[in-house]
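Biologist: Hey, could you pull up the model so we can chat through it?
Modeller: Sure, here it comes.

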Amino acid sequence: MKKQKTKYIKVRMTLEEVEQFKKKAKEYKTVSHYVRRALEEYSNMNIRQQIELINDLGTFYQKYQNELSWAGSNLNQAMKRANELSVAGLLAPGYLREVLLPTIQETQHTLTLIKRQLETLMLKSIRSAQPETSDEE
């Protein structure tokens with residue numbers, strides 16, 4: 001037997017929020033159906049964890065996008081210069097020690113940090129994809 005729906009909820013929204021709400025609700029039969037579906041999905045722990053993971057990935061990407069570009073650019077410049085000097089027979093041993101080695105070590109450090117965070121995010125995504133277990137079983 002279907003439950004009788006007798007209660008309603010009022011929500012105050014800005015004009016922009018109403019427009020966004022109407023636009024998203026068009027994909028559903030009714031606004032009520034859209035709200036119920038959103039509540040059901042957000043209440044599902046697995047969905048919430050997936051949303052958190054997506055947010056974490058976005059933050060991760062923003063954090064390292066510039067650092068990776070910077071490190072890659074510096075490394076390319078250093079390697080190009082070393083190659084030019086090597087071809088000309090002008091590559092001093094100090095250049096390798098004072099310029100190239102620190103750049104390579106900094107790049108390795110950055111990549112290690114990225115790998116660690118990727119591993120953490122991977123483990124988090126694996127955990128969120130596993131079905132929840134109940135203590136009642």
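Modeller: Let's start with Glu 84, which is partly exposed because its relative accessibility is 38%. Keep in mind that this is a predicted model.

Biologist: Okay, and which residue does Glu 84 form a salt bridge with?

Modeller: The partner is Arg 81, and the closest N and O atoms are 3.4 Å apart.

Biologist: Where do those two lie?

Modeller: Both sit in helix 3, which covers residues 45–87. They are three residues apart, about one turn of the helix.

Biologist: And Arg 81, is that buried or exposed?

Modeller: In between: Arg 81 has 41% relative accessibility, so it counts as partly exposed.

Biologist: Why would side chains like that pair up at all?

Modeller: Side chains of opposite charge can pair when their charged atoms come close.

Biologist: How many salt bridges are there?

Modeller: The count comes to two. The other pair is Glu 40 with Arg 37, where the closest N and O atoms are 2.9 Å apart.

Biologist: Why are Glu 40 and Arg 37 separated by about one helical turn?

Modeller: Because they are three residues apart in helix 2, residues 31–43. Arg 37 is partly exposed too, with a relative accessible area of 32%.

Biologist: Let's zoom out. How many helices and strands does the chain have?

Modeller: Four helices and zero strands. Read from the N terminus, the order is simply α-α-α-α.

Biologist: What share of the residues is buried?

Modeller: Of the chain's 137 residues, 14% count as buried. The chain exposes about 12200 Å², and carbon and sulfur atoms supply 55% of that area.

Biologist: What about contacts between residues at least 6 apart in sequence?

Modeller: Of those, 63% join residues at least 24 apart.

Biologist: Switching to the surface: which residues gather in a patch of positive charge?

Modeller: That would be Lys 2, Lys 5, Lys 29 and Arg 36. Lys 2 is in the segment before helix 1, and that helix spans 15–25.

Biologist: Why does Lys 2 count as exposed?

Modeller: Its relative accessibility is 74%, and the cut-off for exposed is over 50%.

Biologist: Which residues make a nonpolar surface patch?

Modeller: Ile 9, Val 11 and Met 13 make one of about 330 Å². Val 11 is found in the segment before helix 1. With a relative accessible area of 57%, Val 11 is exposed.

Notes: Residues are numbered from 1 along each chain as its sequence is written. This is a predicted model: local features need pLDDT of at least 70, side-chain atom pairs count only at pLDDT 80 or more; totals for chains, interfaces and linings use all residues. Side-chain values use heavy atoms; hydrogens and water are left out. Buried means under 20% relative accessible area, exposed over 50%, partly exposed in between (1.4 Å probe, protein chains only). Contact means heavy atoms within 4.5 Å. Accessible areas come from the Shrake-Rupley method with a 1.4 Å probe; for residues, only the protein chains shown count as cover. Patches are made of residues with over 30% relative accessible area and no salt bridge: like charges are joined within 9 Å, nonpolar side chains (Val, Leu, Ile, Met, Phe, Trp, Tyr) within 5 Å. A salt bridge is a side-chain nitrogen of Lys or Arg within 4 Å of a carboxyl oxygen of Asp or Glu. Lys and Arg count as positive and Asp and Glu as negative; His and the chain ends are not counted. The place of a charge is taken as NZ of Lys, CZ of Arg, CG of Asp or CD of Glu.
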